[in-house]
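Here is a friendly walk through one protein chain, in questions and answers. Have the model open beside you as you read.

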Amino acid sequence: MEMEPGEKEKEPITAASEELSREFKTLVNTEDLHSLEQLQHTILGRLQDSNAVLSHFNEFSENCFAEISGDISRNTRLLKSMKSDLDYIFLKLRSMKSKLSATYPDAFPDYSANEVVDERPDLEVPK
């Protein structure tokens, strides 16, 4: 059987790669490889367990949120309404105070005659 011209060039390369492969095998300890494989299986098992626990926790959290989301929405609307009402009340109080100050200048001490500054924190602006 005759070899093609390209096969003659491939034969020494194949022999060299086989020799190199054999040399690499002598560098690696079989017991170390087995130990490494066992460690990888242990880690895989732990990661799968952790994944199962996290999945269960996510399902539990989702169910809890579904149960309370209506209450949260309702309470949020209530708080916004209360804030709006309080803003309106404070606006009216400031207006009444300024009218009283104009009509009865002695009704309030000197420190309050200055412009009243609303020092309440704005809860809608992120810190």
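The questions below go from the overall fold to single contacts.

This is a predicted model, where local features need pLDDT of at least 70, side-chain atom pairs count only at pLDDT 80 or more, and totals for chains, interfaces and linings use all residues. Residues are numbered from 1 along each chain as its sequence is written, and side-chain values use heavy atoms, with hydrogens and water left out.

Q: Which pattern does the chain follow along the sequence?
A: Helices (H or I, at least four residues) and strands (E, at least two) are DSSP runs, numbered from the N terminus. The chain has 3 helices and 0 strands. Read in order, the pattern is α-α-α.

Q: Which element has the lowest mean pLDDT?
A: pLDDT is the predictor's confidence in each residue, from 0 to 100, and the chain averages 86. Helix α2 has the highest mean among the elements, at 95. Where pLDDT is low, the predicted coordinates should not be read in detail. The lowest mean, 54, belongs to helix α3.

Q: On which residue is the kink in helix α2 centred?
A: The bend at a residue is the angle between axes fitted to the seven residues ending there and the seven starting there. Helix α2 covers residues 30-103, and its kink is about 45°. The centre is Ile 68.

Q: What share of the residues counts as buried?
A: Buried means under 20% relative accessible area, exposed over 50%, and partly exposed in between (1.4 Å probe, protein chains only). The chain holds 127 residues. Those that count as buried make up 1%.

Q: Which residue forms a salt bridge with Arg 74?
A: A salt bridge is a side-chain nitrogen of Lys or Arg within 4 Å of a carboxyl oxygen of Asp or Glu. An α-helix has 3.6 residues a turn, so residues three or four places apart point the same way. Arg 74 and its partner are 3 residues apart in helix α2, so about one helical turn separates them. The closest N and O atoms are 2.2 Å apart, and the partner is Asp 71.

Q: Which residue meets Asp 87 in a salt bridge?
A: Asp 87 is partly exposed, with a relative accessible area of 27%. Its partner also lies in helix α2, 4 residues apart. The side chains meet at 2.9 Å, N to O, and the partner is Lys 83.
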